[in-house]
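Student: I am new to this structure and should like to be guided through it. May we look at it together?

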Amino acid sequence: LGHRIIEIGAIELLNRRRTGRQFHRYLCPDRTIDPGAVQVHGLTTEFLSGQPRFADIFDELREFVAGAELIIHNAPFDVAFMDAELAMLAAKGVLEQKVTTRDVCSVLDTLALARQMHPGQRNSLDALCKRYAIDNSHRDLHGALLDADLLLEVYLAMTGGQSALGNAKLILLLANHVGDPRVLRAAMAAARADEVPQGAAA
């Protein structure tokens, strides 16, 4: 279905504190962006056509996340997109062998964590911001780095009593995607309903 990542935003956390390091890249998907998707994230075909491709930034991204635990909201969705990008790199010979996201680092899904902590409640990123009194009034569009920043605050609030996490290197990561608009709309609707979309990254 031509699903591609068009933006990656990541923020590093060490000892439960921001290190000041972050990773933010827009990516050229080599395809047009559906007008409906532009209304969600504001990224146009014209803008993205001048950006690097995933292959161009992969080494830098891998160095940034290596050895860390990725913290992602609705992780199966974003991880499936990243794994698809990695599979394409392997098919083109850019990578010597096929690797997956979990070959590079571990992954924690904050949506699954929120469901355990708040069963029967809405656990979208917006709902969690409201629950933990985190200001997201500036979230007019879905931006990867902005969402990673909000997720960082949500994650710290959710895990405030877990001092054992203090020495871990954590990367709060979110991505924007482009693909079949029907699938993406279904995925976004599922996220709003706090359900992991089935087959969303096919």
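**Confidence and core**

Student: In which helix of the protein is confidence highest, and in which is it lowest?
Tutor: The model is predicted, and confidence varies along the chain. Its lowest mean, 50, falls in helix H9 (residues 181–192). The highest mean, 95, belongs to helix H6 (residues 110–117). Thus the lowest is H9 and the highest is H6.

Student: Over which residues does pLDDT stay under 50?
Tutor: The mean pLDDT of the protein is 82, and 81% of its residues reach 70 or more. Where pLDDT is low, the predicted coordinates should not be read in detail. This caution applies to the 21 contacts beyond four places in sequence that the model has for the stretch under 50, residues 195–202.

Student: Which element gives the most residues to the largest nonpolar core?
Tutor: This core has 28 residues, and Ile8, Phe54, Leu70, Ile72, Ile171 and Leu173 have the most contacts inside it. At least two residues each come from strand E1 (4–14), helix H3 (54–65), strand E3 (69–72), helix H4 (75–91) and strand E5 (169–178). With seven residues, the element that gives the most is H4.

Student: How many residues are in the second core?
Tutor: This core is separate from the largest one and includes Ala114, Leu150, Leu170 and Leu172. Its number of residues is 20.

Student: What share of the residues of the protein count as buried?
Tutor: The secondary structure comprises nine helices and five strands. The protein has 202 residues, and the share that count as buried is 45%.

How values were computed:
Residues numbered from 1 in each chain as written. Predicted model: local features only at pLDDT ≥ 70, side-chain atom pairs only at ≥ 80, totals over all residues. Heavy atoms only, no water. pLDDT = per-residue confidence, 0-100. Helix = DSSP H or I, 4+ residues; strand = E, 2+ residues; numbered from the N terminus. Contact = heavy atoms within 4.5 Å. Core = buried A, V, L, I, M, F, W, Y, C linked by side-chain atoms within 4.5 Å. Buried < 20%, exposed > 50% of the residue type's maximum accessible area, 1.4 Å probe, protein only.
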